[in-house]
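Visitor: Could you walk me through this structure, feature by feature? I would like to learn how to read it as we go.

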Amino acid sequence: MSVRDQMQVRLLERRRILLRAIKDIKNDVLLGGPSVECLLEECDHSSSSSETLDLSENTRKRELKDIEHALTRINDGNYRQCTGCGQCISLIRLRLLPTAVTCFACREAQKRSM
Ligand SMILES: [Zn+2]
C-alpha cells in the first residue's frame with residue numbers, strides 16, 4: 001500500500017467519525033437531548049450550552065472541510081505539494097497532520113506573519 005493510499009484510508013476513516021459525531025449532535029438537539037429549553041433565549045443556561053454545541057460542531061465541520069480538501073488533493077495528485085512553496089511536504093508532517101497543505105517551513109512562516 002502506498003503512502004498516498006494509507007493517508008487516504010486515514011482521512012476517509014476520520015471523515016466517517018466526524019460525520020457520525022455531527023449527526024449525533026443533531027440527534028441530541030432533535031430528540032431534546034441535553035435540554036431543548038436550554039436552546040431558548042430565556043433560559044439561564046442557554047448561552048453556555050448552545051455556544052459549546054456550536055463550537056464543537058463548527059470545529060468538526062472545519063476539520064471535515066480540511067479532510068475533503070485533502071482527499072481532493074489526493075485525487076488530483078498534488079496531495080504532497082506545499083501550497084506555499086510547491087515543495088514536497090515531508091511524510092513525517094503528513095503523518096502527524098494528514099490535512100496539512102503546507103510544508104513545515106511555510107507553516108512556520110505563516111505563524112510568524114500572523
Ligand atoms: Zn512550503
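Guide: Happy to; we will go from the overall fold to confidence, then to the core and two single residues. Keep in mind that this is a predicted model.

Visitor: Which secondary structure elements does the protein chain have, and how many of each?

Guide: Start by listing the elements in order. The protein chain holds four helices and zero strands, so to speak an α-α-α-α run when followed from the N terminus. For the wiring, look at contacts between residues at least 6 apart in sequence: 48% of them join residues at least 24 apart.

Visitor: What does pLDDT say about the protein chain?

Guide: Begin with the mean, then look at the parts. The mean pLDDT is 82, and 76% of the residues reach 70 or more. Among the elements, helix H4 (residues 104-113) has the highest mean, 94, and H2 the lowest, 80.

Visitor: Where does pLDDT stay under 50?

Guide: That is the stretch of residues 35-43, for which the model has nine contacts beyond four places in sequence. As a general rule, coordinates should not be read in detail where pLDDT is low.

Visitor: Which residues form the largest nonpolar core?

Guide: For a core, ask who belongs to it and which parts of the chain supply the members. Here there are ten residues: Met-7, Leu-11, Ile-67, Ala-70, Tyr-79, Cys-82, Ile-89, Leu-94, Ala-100 and Cys-103. Helix H1 (3-30) and helix H2 (46-76) are the elements that give two or more residues to this core.

Visitor: Why does this core lie between domain 1 and domain 2?

Guide: Because domain 1 (1-79) and domain 2 (80-114) both give residues to it. Ile-67, one of the core residues, touches Leu-11, Arg-14, Arg-15 and Thr-99, leaving out residues up to four places away in sequence. Across the whole protein chain of 114 residues, 9% count as buried.

Visitor: Why does Leu-64 count as partly exposed?

Guide: Count the neighbours: buried takes 20 or more C-beta atoms within 10 Å, and Leu-64 has 18, so it counts as partly exposed. Leu-64 lies in helix H2 and touches Arg-15 and Leu-18, not counting residues up to four places away. Its C-alpha atom is separated by 9.4 Å from that of Leu-11, 53 residues apart along the chain.

Visitor: And what is Arg-93 in contact with?

Guide: Beyond four places in sequence, Arg-93 contacts Ala-100, Cys-103 and Phe-104. Arg-93 sits in helix H3 (residues 91-96) and is partly exposed, with 16 other C-beta atoms within 10 Å. The C-alpha atoms of Arg-93 and Cys-103 are separated by 7.6 Å, with their positions ten residues apart along the chain as a sequence separation.

Key
Residues numbered from 1 in each chain as written. Predicted model: local features only at pLDDT ≥ 70, side-chain atom pairs only at ≥ 80, totals over all residues. Core = buried A, V, L, I, M, F, W, Y, C linked by C-beta atoms within 7 Å. Buried ≥ 20, exposed ≤ 12 C-beta atoms within 10 Å, placed from the backbone. Domains from an automatic or database assignment. Contact = placed C-beta atoms within 7 Å. pLDDT = per-residue confidence, 0-100.
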